[in-house]
Each structure stands twice: as C-alpha cells, then as structure tokens.
Amino acid sequence: MSVQVEQIRTGGDRNFGYLCADKATGEAFAVDPSNSPKVLVDAAARKGWQLVRAFCTHGHADHTNGNEEFERLTGIRVLLFGDRDARLGIEVMHGASFPLGEGVVEIIHTPGHTLDSICLLAGDALFTGDTLFVGKVGGTWSEADARLEYRSLHERLMVLPAGTNVFPGHDYGTAPVSTIGHEKTTNPFLLQPDAESFIDLKNNWSAYKKAHGIS
C-alpha cells in the first residue's frame, strides 16, 4: 500500500496530529487529533480524503483532549489500546490490522512511556506517538517502565525496514520526521548496548545533552 501523510501541528506542547491516506482510494485515518480536531477534519476535506477511522497513540490528555469533538464532527470514534471497533469487531491490540483502502493499518503495542502506548504502521509510515522521537525517546517514570520501553523500541520498532518513515507525536526531536534506519544509527538512546546503559542515559540525559551540545 502506498500512503500519503499530512503532518499537522495541533498546538499544545508542540503536538503533532496526522492524516494518513491510501493513495489509491483516498481512504484515510487520523492520529492524535488533539487540541485542534477540526483542523484535521478540514484538511482531509480539502484533500478529498475519506476519513474512515481514528486512533490515539496513548491515553495522556494532551493526545486525547480532542477526541469528543472529533467524534462529533465525523461520527468516528477515536480508538485507543484495548478499544474495539464496533463496526468491524476488531480490538486495538498488538498485531491487529484494520483495513484501509487497498492495505491495512497495523497496531504495534509499545509499552514504556505508558502501558497503553501504541504505534501505527501503514505502508512505509510509522506513527510513534511518545514512544520514539527524532534523536530522543519518550519519557518514563520508573526503571520498570524504562525496561519496557527499551524492549518495545528494539523488539518491535527497530526490526522494521530501515526506510520506514517515523512520524512522532511531538516536535521534541532534532527534526519533525525521520526513518527507522536514521534513528537506529544516530539516536543516542538506540545506540546504547543494553538496557542498563539505556536507563543510565535516561537518568543522565541533561548532562549528556550539555556535553554533546544537544538542545
């Protein structure tokens, strides 16, 4: 499936929302329509895309605060991890696939930043929410969470093709978009040899940024 992606700054804390459409049919889904859901709905209309479903990458309020308005505007329920699509009967769980035009949207469960964190893969586009940023990774609040995130990153994202495009949930990184290959070879967190080193970098990130001139 060949897809087209529209990255939209929705406000909040440098939040990104997304539209992703199957080029062949124009069927599209929305990702994290927070803060400014009408902007996403209007953008889809301008492009002639038919919105068929929507997802949130996790349950934090800065990603879910537009869900009710989005549903009111479109009649489409925004699905989170564990939700079930009423029409299709498909549950949002790891490995689930939702039809989109001539292809599918695949759910990748990536716990760490939150237990309900998911990434969405459609064609060569990966929407990573707050799991993976460009040159950075999502925040965690315990060693157990950090270990979960480490496994999610390496076992579920870094195994994807190098050319997979990475679209994060915030403009927190060194660029608004990236690829799996670029992150694998340049992201300081992904270059750590083991979980202990990954956790140590998280605990000392401020000092690392200062030492390496990272903003």
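This report describes the overall form of one protein chain, then one of its sheets, and then four loop residues.

**The chain as a whole**

The model is predicted, and its protein chain holds 7 helices and 11 strands. The radius of gyration of the chain is 17 Å, close to the 17 Å that the globule rule gives for 215 residues, so the chain is as compact as a globular protein of that length. Along its principal axes the C-alpha trace spans about 45 × 30 × 30 Å. Of the 215 residues in the chain, 51% are buried, and the chain exposes about 9,400 Å², of which carbon and sulfur atoms supply 49%. Among contacts between residues at least 6 apart in sequence, 54% join residues at least 24 apart.

**A sheet of five strands**

An open sheet is formed by 5 strands in the order 1-2-3-4-5, with mixed pairing. Its edges are strand 1 (3–11) and strand 5 (78–79), each of which pairs on one side only. Strand 3, made of residues 27–31, runs parallel to strand 4, made of residues 50–55, and 5 bridges join them. Within this part of the sheet, Ala-30 stands opposite Ala-54 in strand 4.

Helix 1 (residues 37–47) packs on the sheet and touches strand 1, strand 2 (15–22), strand 3 and strand 4, and the direction of helix 1 makes about 150° with that of strand 1. Helix 3 (residues 67–74) also packs on the sheet, where it touches strand 3, strand 4 and strand 5, and the direction of helix 3 makes about 155° with that of strand 4. As a general background to such sheets, strands pair through backbone hydrogen bonds, either parallel or antiparallel.

**Two loop residues with positive phi**

Most residues other than glycine have a negative phi. Arg-14, in the loop between strand 1 and strand 2, has a positive phi near 55°. Asn-35, in the loop between strand 3 and helix 1, likewise has a positive phi, near 65°.

**Two buried threonines in one loop**

Thr-131 lies in the loop between strand 9 (125–129) and helix 4 (143–157), and Thr-140 is also found in the loop between strand 9 and helix 4. Thr-131 has a relative accessible area of 1% and is therefore buried, since that value is under the 20% limit. Thr-140, at 19%, is also under 20% and so counts as buried.

The surroundings of the two residues can be listed in turn. Leaving aside neighbours within four places in sequence, Thr-131 is in contact with Thr-110, Ser-117, Cys-119, Val-137, Gly-138, Glu-149, Leu-153 and Leu-157. With residues up to four places away in sequence not counted, Thr-140 touches Gly-112, His-113, Asp-145, Ala-146, Glu-149 and Lys-202. With Lys-202 there is also a polar contact of 3.1 Å, which joins the side chain of Thr-140 to that of Lys-202.

**Accessibility of the four loop residues**

The table sets out the relative accessible area of each loop residue described above.

| Residue | Relative accessible area | Class |
|---|---|---|
| Arg-14 | 46% | partly exposed |
| Asn-35 | 34% | partly exposed |
| Thr-131 | 1% | buried |
| Thr-140 | 19% | buried |

Arg-14 and Asn-35 are classed as partly exposed because their values of 46% and 34% fall between the limits of 20% and 50%.

Methods. Residues are numbered from 1 along each chain as its sequence is written. This is a predicted model: local features need pLDDT of at least 70, side-chain atom pairs count only at pLDDT 80 or more; totals for chains, interfaces and linings use all residues. Side-chain values use heavy atoms; hydrogens and water are left out. Two strands pair if DSSP finds at least two bridges between them. Helices (H or I, at least four residues) and strands (E, at least two) are DSSP runs, numbered from the N terminus. Contact means heavy atoms within 4.5 Å. Axes are lines fitted to C-alpha atoms, for helices over the stretch in contact, and angles run from 0 to 180 degrees between N-to-C directions. Buried means under 20% relative accessible area, exposed over 50%, partly exposed in between (1.4 Å probe, protein chains only). The radius of gyration is taken over C-alpha atoms; the globule rule is 2.2 Å times the number of residues to the power 0.38. Accessible areas come from the Shrake-Rupley method with a 1.4 Å probe; for residues, only the protein chains shown count as cover. A polar contact is a pair of N or O atoms within 3.5 Å; within protein, one must be able to donate a hydrogen and the other to accept it, and residues adjacent in sequence count only if both atoms are side-chain atoms.
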